[in-house]
Amino acid sequence: MAFPFQRDMLEAVLSGCSGLLNAPTGSGKTYAAWIPLLCRHMAGQPFASAQEKSGSPEKSGSPQKGLTFLWITPLRALAKDIRNALQAACDAYDLGWSVELRTGDTPTAQKQAQMRQMPRVLVITPESLHLFLARKGYPKLLAGLEAVVVDEWHELLGSKRGVQVELALSRLRRLNPNLSVWGISATIGNLVQAAEVLLGPAMDPARMALVRADSRRVPEMRTLIPDNLADIAWGGHLGTRLLAKVMPVLDEAGTTLVFTNTRA
């Protein structure tokens with residue numbers, strides 16, 4: 001059963017709004033943004049794109065050559081997990097879409113293949129997006145772009161990388177004024193101001209939506225350290241050393257977030 005904020009997101013997206021979603025980590029905010037975008041597309045209400053304005057609209061659910069959704073993430077370490085989650089939803093709806101990565105870790109051969117045939121969904125970092133927009137002929141590759149999701153907006157807002165995203169969105173809106181833009185944030189202070197920065201000064205206030213999860217959970221935080229500090233690994237393997245301590249905690253709790261300090 002969907003949470004109230006997930007239903008609010010569905011209503012906002014189906015009504016054609018752009019905006020900002022604020023929900024705690026682990027509450028399902030990725031799918032809260034992604035599923036409504038897919039639902040709108042499959043319902044035969046694709047967002048107006050440059051491709052449609054050129055007189056070649058795509059039928060909902062049909063295979064399309066070109067990029068339709070862009071997912072911007074500042075956390076390269078989580079890009080693969082996001083890609084897997086988005087791909088799983090596409091597979092569940094039997095869309096036949098491909099979701100691919102474009103980050104600093106993406107092999108050159110794969111990037112070149114993407115320029116020849118773009119996937120339906122691309123998960124990309126702010127830096128890789130700017131490099132993409134500097135390539136010759138990029139407007140043609142973005143002709144079918146309908147929506148952009150900016151993940152972890154609190155991580156980007158007020159930073160140089162955030163300015164990169166703002167500039168990129170400005171260019172993308174120039175290509176398609178009706179582009180749908182959604183930000184996702186787990187922890188953010190001024191929701192209204194954050195949304196205004198994300199959506200730009202030209203955004204019609206009537207089409208801006210703010211969706212916030214009503215979370216009243218009181219988290220319990222624990223820090224697990226080795227019994228003998230001399231056993232701390234020099235690099236890369238501390239997580240496996242502490243498995244014996246972590247597993248009992250997981251058995252006790254219903255919902256647990258485990259943070260480690262290495263990408264591995």
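Helices here are DSSP runs of H or I with at least four residues, and strands are runs of E with at least two; both are numbered from the N terminus. The structure is a predicted model.

**Exercise 1. State how many helices and strands the protein chain has, and describe its burial and surface.**

Solution.
Step 1. The secondary structure of the protein chain amounts to 12 helices and seven strands.
Step 2. The chain has 264 residues, of which 42% count as buried.
Step 3. About 14,800 Å² of the protein chain is exposed, and carbon and sulfur atoms supply 55% of that area.
Step 4. Taking contacts between residues at least 6 apart in sequence, 71% join residues at least 24 apart.

**Exercise 2. Identify the members of the largest nonpolar core that touch the most other members, and the elements that supply the core.**

Solution.
Step 1. The largest nonpolar core holds 33 residues, and the members touching the most others are Leu-70, Leu-142, Val-148, Val-150, Trp-153 and Leu-172.
Step 2. Elements that each supply at least two residues of this core include strands E2 (69–72), E4 (121–124) and E5 (147–150), together with helices H6 (126–133), H7 (138–141), H8 (153–156), H9 (160–175) and H10 (191–199).
Step 3. Leu-172 serves as an example: beyond its neighbours within four places in sequence, Leu-172 contacts Leu-70, Leu-133, Leu-142, Leu-145, Val-148 and Leu-179.
Step 4. There is also a second, separate core of 32 residues, with Ala-12, Trp-97, Trp-182 and Ala-209 among them.

**Exercise 3. Compare the span of helix H4 with the expected value, and determine what its buried residues pack against.**

Solution.
Step 1. Helix H4 covers residues 76–92, which is 17 residues.
Step 2. From first C-alpha to last, H4 reaches 25 Å, close to the 24 Å expected at 1.5 Å a residue.
Step 3. The buried residues in H4 are Ala-79, Ile-82, Ala-85, Leu-86, Gln-87, Ala-89 and Cys-90.
Step 4. These buried residues pack against helix H2 (29–42) and against strands E2, E3 (99–102) and E4.

**Exercise 4. Asp-94 and Glu-152 each have a positive phi. Establish whether each residue is buried or exposed.**

Solution.
Step 1. Asp-94 has a phi near 55 degrees, a positive value in a residue other than glycine. Glu-152 likewise has a phi near 55 degrees.
Step 2. Asp-94 occupies the loop between H4 and E3, whereas Glu-152 occupies the loop between E5 and H8.
Step 3. The cut-offs are under 20% relative accessible area for buried and over 50% for exposed.
Step 4. Asp-94 counts as exposed because its relative accessibility is 69%. Glu-152 is buried because its relative accessible area is 16%.

**Exercise 5. Place Met-208 in the structure and find its contacts.**

Solution.
Step 1. Met-208 belongs to strand E7, residues 208–212.
Step 2. Its relative accessibility is 23%, so Met-208 counts as partly exposed.
Step 3. Cys-17 is 191 residues from Met-208 in sequence, yet the two C-alpha atoms are 5.6 Å apart in space.
Step 4. With neighbours within four places in sequence set aside, Met-208 contacts Ser-18, Ala-195, Glu-196, Leu-199 and Met-203.

**Exercise 6. Name the residues that make a nonpolar surface patch of about 330 Å², and examine Leu-243.**

Solution.
Step 1. The patch is made by Leu-243, Met-247, Leu-250 and Val-258.
Step 2. Leu-243 lies in helix H12, residues 243–252.
Step 3. Leu-243 counts as partly exposed because its relative accessibility is 44%.

Key:
Residues are numbered from 1 along each chain as its sequence is written. This is a predicted model: local features need pLDDT of at least 70, side-chain atom pairs count only at pLDDT 80 or more; totals for chains, interfaces and linings use all residues. Side-chain values use heavy atoms; hydrogens and water are left out. Buried means under 20% relative accessible area, exposed over 50%, partly exposed in between (1.4 Å probe, protein chains only). Contact means heavy atoms within 4.5 Å. A nonpolar core is a set of buried Ala, Val, Leu, Ile, Met, Phe, Trp, Tyr and Cys residues joined through side-chain atoms within 4.5 Å. The expected span of a helix is 1.5 Å times one less than its number of residues. Patches are made of residues with over 30% relative accessible area and no salt bridge: like charges are joined within 9 Å, nonpolar side chains (Val, Leu, Ile, Met, Phe, Trp, Tyr) within 5 Å. Accessible areas come from the Shrake-Rupley method with a 1.4 Å probe; for residues, only the protein chains shown count as cover. A salt bridge is a side-chain nitrogen of Lys or Arg within 4 Å of a carboxyl oxygen of Asp or Glu.
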